[in-house]
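Hello,

Here is the structure I promised to pass on to you. Please have it open while you read, as my notes follow straight after it.

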Amino acid sequence: QVQLVESGGGLVQAGGSLRLSCAASERTFTMGWFRQAPGKEREFVAAITRSASNTNYADSVKGRFTISRDNAKNTVYLQMDNLKPEDTAVYYCAATTGYSGASVYSWAYANWGQGTQVTVST
């Protein structure tokens, strides 16, 4: 089972930027980012296939967030620009077991990191 460790979260003012990283213990296939705010369900943010041939973004982050990966480092990134208070959440990195499209569904991901907190102030 692949281990995933997120980093890069923190406190930032609205309009600012953060880059999240997710370091995997081994080779991964499709990787995704999800987030969960207090009192809300976990929601899809972005996903990327192994070769980065396909990406998907939630409408709420499209144009502001960019997902990328460096397979040599077994790492996936989420560049978050023009952050808004509604982006405040715990962000989770996830990996599928095998080949997949850039799935928007949480059930497609078998392995999850512990999450990193992102707080955007007004």
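Let me begin with a question: is Phe34 buried or exposed? Phe34 is buried, at a relative accessible area of 1%. Please keep in mind throughout that this is a predicted model.

**Aromatic residues**

The structure has six aromatic pairs. In one of them, the ring centres of Phe29 and Tyr99 are 4.9 Å apart and the planes meet at 65°, so this pair is edge-to-face. Phe29 sits in the loop between β3 (18–24) and β4 (31–36), and Tyr99 in the loop between β9 (89–95) and β10 (111–112), so the contact ties together parts that lie 70 residues apart in sequence. The two partners contrast in their surroundings: Phe29 is buried, with a relative accessible area of 15%, whereas Tyr99 is exposed, with 72%.

Another pair brings us back to Phe34. Its ring and that of Trp112 have their centres 5.0 Å apart, with 55° between the planes, so this pair is tilted. Since Phe34 belongs to strand β4 and Trp112 to strand β10, the pair ties together parts 78 residues apart in sequence. Trp112 counts as partly exposed, at 23% relative accessibility. Both residues also belong to a cluster, in which ring pairs link Phe34, Phe44, Tyr109 and Trp112.

Trp112 has a charged companion too: the charged end of Arg42 sits over the ring of Trp112, 4.8 Å from its centre. A similar arrangement involves Arg19, whose charged end sits over the ring of Tyr77 at 4.2 Å from the ring centre.

**The disulfide**

A search of the whole structure turns up one disulfide. It joins Cys22 to Cys93, with an S to S distance of 2.1 Å. Cys22 is in strand β3 and Cys93 in strand β9, so the bond ties together parts that are 71 residues apart in sequence. The torsion about the S-S bond of Cys22 and Cys93 is about -80°, which makes the disulfide left-handed. As for accessibility, Cys22 is buried at 0%, and Cys93 is likewise buried, with a relative accessible area of 0%.

**The four-stranded sheet**

Strand β3 also takes part in an open sheet of four strands, ordered β1-β3-β8-β7 and paired in the antiparallel sense. Why is one side of β1 and of β7 left without a neighbour in the sheet? β1 (4–7) and β7 stand at the edges and each has a single partner strand, so one side of each has no neighbour there. From one strand to the next, the twist averages 15°.

At the β7 end of this sheet, β7 and β8 (residues 75–80) make six bridges in antiparallel pairing. Phe65 stands opposite Met80 of β8, and Arg69 stands opposite Val76 in that strand. The two strands form a hairpin with four residues between them, and Asn74 in the turn has a positive phi of about 50°.

Which residues of β7 (residues 65–70) point to the buried face? Phe65, Ile67 and Arg69 point to one face and are buried, while Thr66, Ser68 and Asp70 point to the other and are not. I would start with Arg69 when you look at this strand, as it is a charged residue name you will meet among the buried ones.

Happy viewing, and do write back with your thoughts.

Best wishes

Conventions
Residues numbered from 1 in each chain as written. Predicted model: local features only at pLDDT ≥ 70, side-chain atom pairs only at ≥ 80, totals over all residues. Heavy atoms only, no water. Buried < 20%, exposed > 50% of the residue type's maximum accessible area, 1.4 Å probe, protein only. Pairing = 2+ DSSP bridges. Axes fitted to C-alpha atoms, helices over the stretch in contact; angles between N-to-C directions. Phe/Tyr/Trp six-rings, centres within 6.5 Å; stacked < 30°, edge-to-face > 60°. Lys NZ or Arg CZ within 6 Å of the ring centre and 35° of its normal. Disulfide = S-S within 2.5 Å.
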